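Q: Here is a protein model that I would like to go through with you. Please take one part of it and look at it closely.

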Amino acid sequence: MKSSRADIRCDVLVVGAGPAGFGAALAARRNGCDVVLAERLARVGGTLTHGLALTPVGYEPFRHWLAATDPAGWLVQGIARELHDRLLRAGGVCKPVWDPEMYAWLVETMLAEAGVRLLLHAGCVDAVHEGDRVVGAVLALRSGLTTVRADICIDASGDGDLFARAGCAFEVGREADARPQPMTTASVFGNLRLDWGGATTYADMMAWGRDELAIRLTEGRAKGELPPIFVGNLFPYFAGGRIVRSQVWCRMVQSWRNPLDADDATLAEVEGRAQLQTIVAWMRTHLPGFEDAALIQSSMAWPRESRRLRGVATLRETDVAGNVRRDDGIARGACFLEVHSATPGDPEAERGYAWSAAKARFSEDVDYDIAYGCLVPERIDGLLVAGRCLSATHIAHGSARMQATAMALGQAAGTAAALAQQGRVEPRAVDVARLRDRLRHVGARV
Ligand SMILES: Cc1cc2nc3c(=O)[nH]c(=O)nc-3n(C[C@H](O)[C@H](O)[C@H](O)COP(=O)(O)OP(=O)(O)OC[C@H]3O[C@@H](n4cnc5c(N)ncnc54)[C@H](O)[C@@H]3O)c2cc1C
């Protein structure tokens with residue numbers, strides 16, 4: 001491919017500016033590397049901003065999460081905690097929901113403060129190899145194709161775009177049939193007249209949305225008046241430090257199309273938007289307070305799962321269920337196994353308990369270690385992986401995919417990349433005891 005502009009050179013290239021890429025870029029930079037962070041879309045944040053997944057979890061076991069627990073006790077600390085605390089101080093957190101505008105602004109601020117070179121509108125379209133070693137990536141920039149050369153690359157694209165192009169082995173979806181969890185088009189409806197049952201706290205408003213609004217939607221679905229939506233919860237919107245009582249945010253539209261297929265990925269967007277028009281029309285005539293409802297915003301159809309690396313280690317459901325601790329752990333997992341069913345139309349998918357047959361065996365008091373090897377490709381050098389495309393089984397991924405975990409994995413990958421780059425060794429040769437010490441030294445919990 002021909003580049004239209006001079007090559008960029010850096011110590012560490014991070015592909016994807018979601019939670020994992022943010023953690024990775026910041027950690028590598030704070031450990032002394034010159035870092036380029038390339039994001040294909042127009043803003044940072046990944047699933048939170050573009051998928052409107054506004055409730056980051058994974059900081060501590062879920063059953064404690066809605067309570068006012070002391071952040072000092074959370075299992076995930078480090079950069080993930082730092083971002084939370086700064087966002088809280090700025091007025092961008094109303095537990096459990098985060099303001100996506102303030103979040104994107106703060107992430108971009110923190111990257112700039114550290115001196116990370118952020119490139120937006122910068123999709124990675126190819127890997128640059130020397131034998132079995134990745135030495136960079138080709139980015140499609142607004143100005144044309146550009147090659148970025150780096151000593152170490154980190155794939156934090158969620159979908160494993162870089163590692164797939166670099167020839168790494170990977171899995172997709174369920175081991176039996178390669179079907180991943182469904183994608184979701186999230187949405188915000190506004191111009192509502194809701195009294196929220198007189199509730200004043202966010203938690204009570206959420207409960208009212210679940211008990212008064214979701215039940216009616218479930219009935220509409222049962223009567224065939226609505227598409228086969230997931231009803232889940234209807235959350236009050238939160239922005240600018242205020243609960244926006246006239247708007248609800250929800251994640252009703254699901255798509256089991258293949259996120260890695262060009263036609264399917266297009267149809268997921270088009271079908272999702274069409275479903276939302278049906279839903280808003282139904283709401284106007286069936287939900288009290290929604291008489292003048294407007295569809296204010298829809299997200300991109302965002303994948304929960306697509307490619308997962310085949311790494312030198314693999315996280316398994318037994319590690320999660322058994323709360324397994326490891327000497328080579330570089331991040332803590334704290335969320336239960338939330339696997340939305342990969343079977344198209346499966347009503348179990350709604351609650352994220354596709355593992356319900358096994359649920360009785362699995363505790364929700366989750367606290368396990370993720371091994372460094374889950375970020376290291378089996379064979380290819382020069383490359384680390386962070387976030388939801390880590391090496392894990394389909395079921396274990398249902399826990400490790402959460403946003404706080406993704407930031408912790410990113411921090412570990414960025415720190416490991418710095419150790420590899422400065423020690424002139426491959427990522428697979430990084431001294432894990434030293435990596436853990438380095439992470440602990442800056443407050444991460446490993
Ligand atoms: C509908 C839905 C609801 C969810 N709900 C929750 C929740 O309530 N709480 C929670 O904690 N987690 C939730 N999750 C999961 C969680 O948000 C994600 O798993 C998490 O954000 C993963 O972080 P990541 O950085 O690995 O990937 P992503 O957030 O997917 O970010 C990847 C980034 O890489 C970019 N990218 C992709 N390809 C390229 C490329 N080729 N070149 C350059 N950039 C690229 C993307 O644009 C994106 O910005 C949800 C996920 C979905 C889909």
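The request concerns one helix, followed by a tour of other sites. Take α7: which residues does the helix cover, where is its kink centred, and which of its residues are buried?

A: Two notes on conventions come before the helix. Numbering starts from 1 along each chain, following the sequence as written. The model is predicted, so local features need pLDDT of at least 70 and side-chain atom pairs count only at pLDDT 80 or more, while totals for chains, interfaces and linings use all residues.

Now the helix. α7 covers residues 202-222, 21 residues in all. (Helices are DSSP runs of H or I with at least four residues, strands are runs of E with at least two, and both are numbered from the N terminus.) From first C-alpha to last, α7 reaches 28 Å, close to the expected 30 Å at 1.5 Å a residue. (The expected span is 1.5 Å times one less than the number of residues.) The helix has a kink of about 35°, centred on Ala-214. (The bend is the angle between axes fitted to the seven residues ending at a position and the seven starting there.)

Five residues of α7 are listed as buried: Met-205, Met-206, Gly-209, Leu-213 and Leu-217. (Buried means 20 or more other C-beta atoms within 10 Å of the residue's own, exposed means 12 or fewer, partly exposed is in between, and C-beta atoms are placed from the backbone.) An α-helix has 3.6 residues a turn, so residues three or four places apart point the same way. Among the elements covering the buried residues of α7 are β11 (235-239) and β12 (242-255). Just after the helix, Gly-224 takes a positive phi of about 80°.

Step back to the domains. The assignment gives domain 1 as 8-174 + 306-333 + 369-441, and domain 2 as 183-298. (Such bounds come from an automatic or database assignment.) The two domain centres, taken over C-alpha atoms, are 30 Å apart. Each domain brings 13 residues to the contact. (Contact means C-beta atoms, placed from the backbone, within 7 Å.) On the domain 1 side, 7 of those residues are nonpolar, 3 polar and 3 charged. (Nonpolar covers Ala, Val, Leu, Ile, Met, Phe, Trp, Tyr, Cys and Pro; charged covers Asp, Glu, Lys and Arg; the others, Gly among them, are polar.)

Next, the ligand. Its shell holds 36 residues, and those that come nearest are Gly-16, Gly-18, Gly-46, Gly-158 and Gly-387. (A residue is near if its C-beta atom, placed from the backbone, lies within 6 Å of the molecule.) By class, the shell has 14 nonpolar, 14 polar and 8 charged residues. α1 (19-30), β6 (123-130) and α12 (403-423) each supply at least two of them. The largest share, 3 residues, comes from α1.

α1 also carries Leu-26. Leu-26 counts as buried because it has 27 C-beta neighbours inside 10 Å. Beyond four places in sequence, its contacts are Ile-79, Met-110, Leu-111, Ala-114, Val-116 and Gly-414. Leu-26 and Ile-79 are 53 residues apart in sequence, yet 8.2 Å apart from C-alpha to C-alpha.

Glu-269 belongs to another helix, α8 (residues 262-286). With 17 C-beta neighbours inside 10 Å, Glu-269 is partly exposed. Leaving out residues up to four places away, Glu-269 touches Met-300 and Ala-301. Trp-302 is 33 residues from Glu-269 along the chain, with 9.0 Å between their C-alpha atoms.

Last, the unusual backbone. Most residues other than glycine have a negative phi, and most peptide bonds are trans. Lys-95 and Pro-96 are joined by a cis bond, with omega about 10°. Pro-96 sits in the loop between β3 (93-94) and β4 (97-98). Pro-96 is partly exposed because 17 C-beta neighbours lie inside 10 Å. Its contacts beyond four places in sequence are Thr-55, Trp-65 and Leu-66. Thr-55 is 41 residues away in sequence but 5.4 Å away in space, C-alpha to C-alpha.

His-121 has a positive phi, near 50°. Its place is the loop between β5 (117-119) and β6. Ala-178 also has a positive phi, near 60°, and lies in the loop between β9 (170-172) and β10 (183-190). His-121 is partly exposed, with 15 C-beta neighbours inside 10 Å. Ala-178 is partly exposed, with 13 other C-beta atoms within 10 Å.

Methods: Two residues are in contact if their C-beta atoms, placed from the backbone, lie within 7 Å.
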